[in-house]
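Here is a walk through one chain and the ligand modelled with it. Keep the structure open beside the text and follow along as we go.

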Amino acid sequence: MNLVELPPIVLSLMSNTLCDDLSGVLQFVRDCRDSFWSPECEIRESPVGGVGVFAGTDIRKGSTLLKLPKSSLFSASNSTIANLLLDDEIDGILALNIAFIYETTVFREKSHWVPYLKSIRICDEQQQLVLPPGYWSDEAKRCLRGSTLDTLHDGLRSETEVQEGFELAVDLARKWNQEFGLPIPQGYLDVRPDDRDDTILKFHRFVATAYAMSSRVFEIDAYHGSALVPIADLFNHSTTAPDVRFTSLYEVCPLCGEPGMCKHLVAEAALEAQENGGSSPPGSDAESSDEEHDPSNEDELVDITLERDVKKGQEIFNSYGELSNALLLARYGFTVRNNPHDMVHLGNEVRALVRTHGRYAARTQWWSRTGWKAYSRWSAAEVQTPWLSEIFVDSRGQPSDPLAAFLNLLEMPETQWLQLRSAPTPSNAPVHQLQDMGDVGTRAHLLRLLAYKKLSWRPSPGGVPPAARVILHSERTILRRARSRMYRRNSSRYTD
Ligand SMILES: C[S@@+](CC[C@H](N)C(=O)[O-])C[C@H]1O[C@@H](n2cnc3c(N)ncnc32)[C@H](O)[C@@H]1O
């Protein structure tokens with residue numbers, strides 16, 4: 001199956017809940033034992049997109065808005081095909097995706113989950129599949145070439161893992177059908193290899209399902225992994241001032257999901273004791289672990305609580321993380337205006353700068369092999385990230401600390417550079433000097449990098465999808481801010 005060359009497709013953005021589907025979701029939650037949904041909240045159409053959750057009255061900080069037992073969440077481990085997925089060692093978002101497809105196409109009315117799951121749509125209101133940017137037509141992608149989504153996140157590429165996941169799902173569907181007579185999900189995994197268009201359409205449905213899962217999923221615990229959480233997934237995202245917090249106890253037995261002592265831990269402890277030649281620790285027999293099990297235990301619930309007071313009528317927001325628009329689009333299918341987490345990646349421009357100035361080669365090589373590790377350890381930054389991914393200007397037009405440090409390295413006097421390079425071990429390298437130099441390197445190089453960016457990136461705003469338009473506007477604004485900062489800085493250098 002070769003699906004790499006995809007034909008142009010119509011693209012659309014945003015998959016939201018229809019008001020007509022809400023009663024099914026609310027009934028599903030009411031039917032769950034030990035569930036609680038605050039009568040002080042209302043779910044209705046939101047100005048930001050689809051539906052959202054609103055305060056029906058003034059609500060105080062600390063109030064619990066939602067409580068659900070983990071048994072009522074839709075995870076691969078809770079699904080009807082949980083055992084099959086486990087036997088074939090399928091987990092993560094792929095397992096959730098396949099479980100969702102079976103629940104909504106094969107089990108349908110017989111599925112406990114469908115009253116909730118059918119509210120999750122993979123098409124927009126015009127019945128177009130909602131696909132991530134990597135699956136847009138070439139023409140639609142062109143406008144984002146050279147943007148941070150492209151150069152930093154590689155978000156315009158269709159992911160091979162998704163295609164491999166689809167192929168695996170098709171194979172498993174055939175196998176389960178032959179071995180147990182389980183019907184193959186029609187319209188999704190019933191692929192006819194000789195019909196290319198049909199295969200591509202089904203592949204796209206698979207991708208759109210994965211995108212819908214990604215836009216709603218919560219990380220629950222070591223047993224459930226990723227799961228869909230009814231009602232919790234109706235809170236929209238705020239970039240700056242989220243009102244609620246989602247809580248779930250992560251440390252549970254990965255084999256059965258028990259929060260406390262369970263038969264697996266008991267067996268493990270007994271085995272360990274046996275190996276050490278002793279007897280089983282007290283309270284570790286299977287009987288006592290059963291006695292301790294309390295189904296209404298708070299540890300077996302997930303909840304959403306208010307982190308601040310909200311006023312009647314106000315929309316109540318969650319936070320999906322401190323994410324730039326590039327990541328919001330890649331994972332959730334939307335963007336927000338004036339996102340303070342936006343940035344412009346300048347990794348390719350730094351590469352071009354080094355390529356065209358041979359004298360920087362030795363310093364750059366030292367930085368990528370040794371300096372970056374030493375610097376990130378010293379500055380408590382993430383050592384694992386490749387240095388070029390930290391090369392950006394932020395939403396205020398300020399260079400990131402690693403960008404400023406690297407540009408200082410290029411401008412460092414020869415004696416200082418030799419001292420840095422000849423440190424006996426990387427951890428002894430006096431990398432703090434790169435910070436102490438202030439904005440010397442930025443003044444010398446940033447305008448040139450911004451000019452390179454302008455040359456390499458010519459976004460065409462015609463026919464651009466709205467979410468992409470927000471990204472383009474944001475990146476242009478950031479570049480303008482960075483340039484004016486530099487002009488102000490450089491002119492103050494001559495007038496001071
Ligand atoms: C977890 S759902 C939130 C509920 C959703 N509005 C609904 O109707 O089902 C995530 C989706 O909501 C929309 N969304 C959430 N926050 C948003 C925001 N700040 N601006 C625009 N759309 C948003 C996006 O379509 C996103 O894919």
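**Around the ligand**

Let's start with the shell around the ligand, which by class has seven nonpolar, 11 polar and two charged residues. For this split, Ala, Val, Leu, Ile, Met, Phe, Trp, Tyr, Cys and Pro count as nonpolar, Asp, Glu, Lys and Arg as charged, and the others, Gly among them, as polar. In total 20 residues surround the ligand, and the closest are Asn16, Thr17, Gly49, Gly50 and Asn236. A residue is near the ligand here if its C-beta atom, placed from the backbone, lies within 6 Å of it.

Before going further, a word on what you are looking at. This is a predicted model, so to speak of local features we need pLDDT of at least 70, and side-chain atom pairs count only at pLDDT 80 or more, while totals for chains, interfaces and linings use all residues. Residues are numbered from 1 along each chain as its sequence is written.

How confident is the predictor? The pLDDT (the predictor's confidence in each residue, from 0 to 100) has a mean of 89 for the chain, and 90% of the residues reach 70 or more. The stretch to treat with care at the start is residues 4-12, where pLDDT stays under 50 and the model has 19 contacts beyond four places in sequence. Residues 286-291 are also below 50, with seven contacts in the model beyond near neighbours in sequence. A contact here means two residues whose C-beta atoms, placed from the backbone, lie within 7 Å. As for the overall scores, the model has ipTM 0.99 and pTM 0.89.

Now zoom out to the whole chain. Its secondary structure comes to 18 helices and 12 strands; these are DSSP runs numbered from the N terminus, helices being H or I with at least four residues and strands E with at least two. Among contacts between residues at least 6 apart in sequence, 73% join residues at least 24 apart. The chain is divided into domain 1 (19-141 + 154-252 + 297-322), domain 2 (263-292) and domain 3 (343-495), with bounds that come from an automatic or database domain assignment. Between domain 1 and domain 2, the C-alpha centres lie 37 Å apart.

Next, the sheets. One is an open sheet of three strands in the order 2-3-10, with antiparallel pairing. Its edge strands are strand 2 and strand 10 (315-316), each of which pairs on one side only. Strands count as paired if DSSP finds at least two bridges between them. Strand 2 (residues 41-45) and strand 3 (residues 51-55) are joined by five bridges and run antiparallel. Going along that pairing, Glu45 has Val51 as its bridge partner in strand 3, and Arg44 has Gly52. Five residues sit between the strands of this hairpin, and Gly49 takes a positive phi near 155° there. We have met Gly49 already, as one of the residues closest to the ligand.

The other sheet to find is open too, with four strands in the order 1-4-9-8 and antiparallel pairing. Strand 1 (36-37) and strand 8 (244-247) stand at its edges with a single partner strand each, so one side of each is left without a neighbour in the sheet. Strand 1 pairs with strand 4 (residues 64-69) over two bridges, in the antiparallel sense, and Trp37 has Leu66 as its bridge partner in strand 4.

What about burial? A residue is buried if 20 or more other C-beta atoms lie within 10 Å of its own, exposed if 12 or fewer, and partly exposed in between, with C-beta atoms placed from the backbone. Buried residues make up 36% of the 496 residues in the chain. Helix 11 (residues 325-332) is mostly covered, with seven of its eight residues buried; among them are Leu327, Leu328 and Leu329. Gly333 follows helix 11 and has a positive phi, near 75°.

Two loop residues make a nice pair to look at. Glu89 lies in the loop between helix 2 (82-87) and helix 3 (92-107) and has a positive phi of about 55° although it is not a glycine. Glu89 counts as exposed because it has 7 C-beta neighbours inside 10 Å. Ile231, in the loop between strand 7 (225-228) and strand 8, has a positive phi of about 70° and is not a glycine either. Ile231 is buried, because 22 other C-beta atoms lie within 10 Å.
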